[in-house]
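I opened this entry to keep a record of what I looked up, and in what order. The structure comes first, and my notes follow it.

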Amino acid sequence: MAEFPLEVRIFHSLCILVIIALAYNVPFNYAIGLPLVSLISLVTLTIFSFLYYRSRYQGKIKSTMVVFTIVGNLLFLVNFIINSGTQGPTALLMGLCMFLIFCVVPKSQQRFWMLLNIAIVLTGTWVEYYYPKLIPNTYKSREDRYWDISSAYLVVVVVLYYTINYLRRNYDYERRSASIKAQSIEEKNIQIIAQNQELERINTEKNKLMSIIAHDLRSPLSNIQNYLELVTEYGLDTQERRMVESDLLKVTRRTIDMLGKLLVWSKAQMDGVNVKLSYISLKDALFNTLELEKSIALKKDIILTAQLDWDTRIIADADMLQLVIRNLLSNAIKFTAKGGEISMKAERAGNECRISITDNGVGISPKKLPELFSLRVSSTFGTDNEKGVGLGLLLCKEFTELQDGRIWAESEPMVGTTFFVAIPV
């Protein structure tokens, strides 16, 4: 019955209680010598059973309530006349009738039904007082009257008990439901606020990314254009041409590196990343990457050394881990001056393999460390005027965490920087 409003559920429950009471009343009144009252109770039982069916299963609720109240009042009026008036239990039952009516009828109708009930009771008592012959005493003995009033009192108490208990249970239920609903609304509001904040963050990152693309890619492309114009418009000797081509190659590589990072990051944001974790050795994962970065470091007169147990087995995505380490080594080379040193180590620490990359480059200021792995950090030029896109460390963080790893950095300006990557073994 949870699909009905509270008042209707109460009404249906009252119908059932009245039906039970009348079903008891039919044989009881017959037994104490009131066959007419018993017959009326039987007819009323049939009417109320039909009203319950009409409301509960046919959905005709409002009209059924009106018929219920009218029949209830008429029943007690007839019962007052044929069941000894004030000497019988009718007045007691009329009070119960009004209580039940107040529970189910709309608030706007309660005053009308109250006045009608009072009018019926006062009219009946007035008729009995002035015309006592019209309201005869139908009890055959004092014992019959005693049992009739006692049973009526018992019915009133039981109906009041179950009705009030039902009301209190439903009140508690409605209050709990309202509390849960309010809590749910509050949780949804918090969720909406969090989603809005996340959208604002994404929008800020998008604007930052667009700014990076517009600013950082414009510069190397302009350099390429300038070099090509220089080659086209001026006659250069072999040595000058080689210098221009060498610089052009550097700029082109940096631009391709920027575009590659942008492509990887954009794809990760739009499509997500498919992580393929497996047991791999450090040699299988990083040997080729390290050798490639060594050759790049040599061009800048930087010594790159490695102290690793190549047989150490880790749980990682080989491609992702290569990208992370390649970015960190490239950054170390970028911010280390010519003649500098970079060391890469790997050691087991509990359930992790901790890879560290240490350089003696320019270092990072304490203010920039907290924002190092986000789009909020601005890209800076390297010691050989190298320019980044500001996405490398963000990619490192996202890809490391996707492998259930951790990444952090320690740095001291003008002394050097160490990046740590911890991967499960």
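These notes go from the annotated segments to a helix pair, then to the sheet and the cores.

**Record and segments.** I kept in mind throughout that this is a predicted model. I began with the UniProt record, an unreviewed entry, which lists residues 7-26, 32-53, 65-82, 88-105, 112-131 and 151-167 under "transmembrane region". I checked two of these segments against the coordinates: residues 7-26 are 100% helix and 0% strand, with the end C-alpha atoms 28 Å apart, and residues 65-82 are likewise 100% helix and 0% strand, with a separation of 26 Å between the end C-alpha atoms.

**A helix pair.** I then turned to helix H4 (residues 90-104) and helix H5 (residues 107-130), whose axes lie 10 Å apart and make an angle of about 170 degrees. Since angles over 145 degrees count as roughly antiparallel, I entered H4 as roughly antiparallel to H5. On the H4 side I found Met-94, Met-98, Ile-101 and Phe-102, which meet Gln-110, Trp-113, Met-114, Asn-117, Ile-120 and Val-121 of H5.

**The sheet.** Next I traced an open sheet of five strands, with mixed pairing and the order S2-S4-S5-S7-S6. Strand S2 (303-307) and strand S6 (406-412) are at the edges and have a single partner strand each, so one side of each is left without a neighbour in the sheet. Direction ignored, I noted that neighbouring strands are turned by 15 degrees against each other on average. Strand S5 (residues 352-359) pairs with strand S7 (residues 416-424) in the antiparallel sense through eight bridges, and within this pairing I noted Phe-419 of S7 as the bridge partner of Ile-357.

**Helices on the sheet.** Helix H10 (residues 318-334) lies across S2, strand S4 (341-349), S5, S6 and S7, and runs at about 20 degrees to S5. Helix H11 (residues 392-402) also packs on the sheet, where I found it touching S6 and S7, with its direction at about 140 degrees to that of S6.

**The cores.** Which residues of the largest nonpolar core touch the most other members? I found these to be Ile-325, Leu-328, Met-344 and Ile-355, out of 38 residues in that core. Helix H9 (282-299), strand S3 (313-316), H10, S4, S5, H11, S6 and S7 each supply at least two residues, and H10 gives the most, with nine. I followed Leu-328 further: leaving aside neighbours within four places in sequence, Leu-328 is in contact with Ile-357, Leu-393, Cys-396, Ile-407, Phe-419 and Val-421. Apart from this core lies another, of 34 residues, including Leu-45, Phe-48, Leu-51 and Phe-68.

Notes
Residues numbered from 1 in each chain as written. Predicted model: local features only at pLDDT ≥ 70, side-chain atom pairs only at ≥ 80, totals over all residues. Heavy atoms only, no water. Pairing = 2+ DSSP bridges. Helix = DSSP H or I, 4+ residues; strand = E, 2+ residues; numbered from the N terminus. Axes fitted to C-alpha atoms, helices over the stretch in contact; angles between N-to-C directions. Contact = heavy atoms within 4.5 Å. UniProt positions renumbered as here; feature names shortened; annotations may be inferred. Core = buried A, V, L, I, M, F, W, Y, C linked by side-chain atoms within 4.5 Å. Buried < 20%, exposed > 50% of the residue type's maximum accessible area, 1.4 Å probe, protein only. Parallel < 35°, antiparallel > 145°, perpendicular 65-115°, else oblique.
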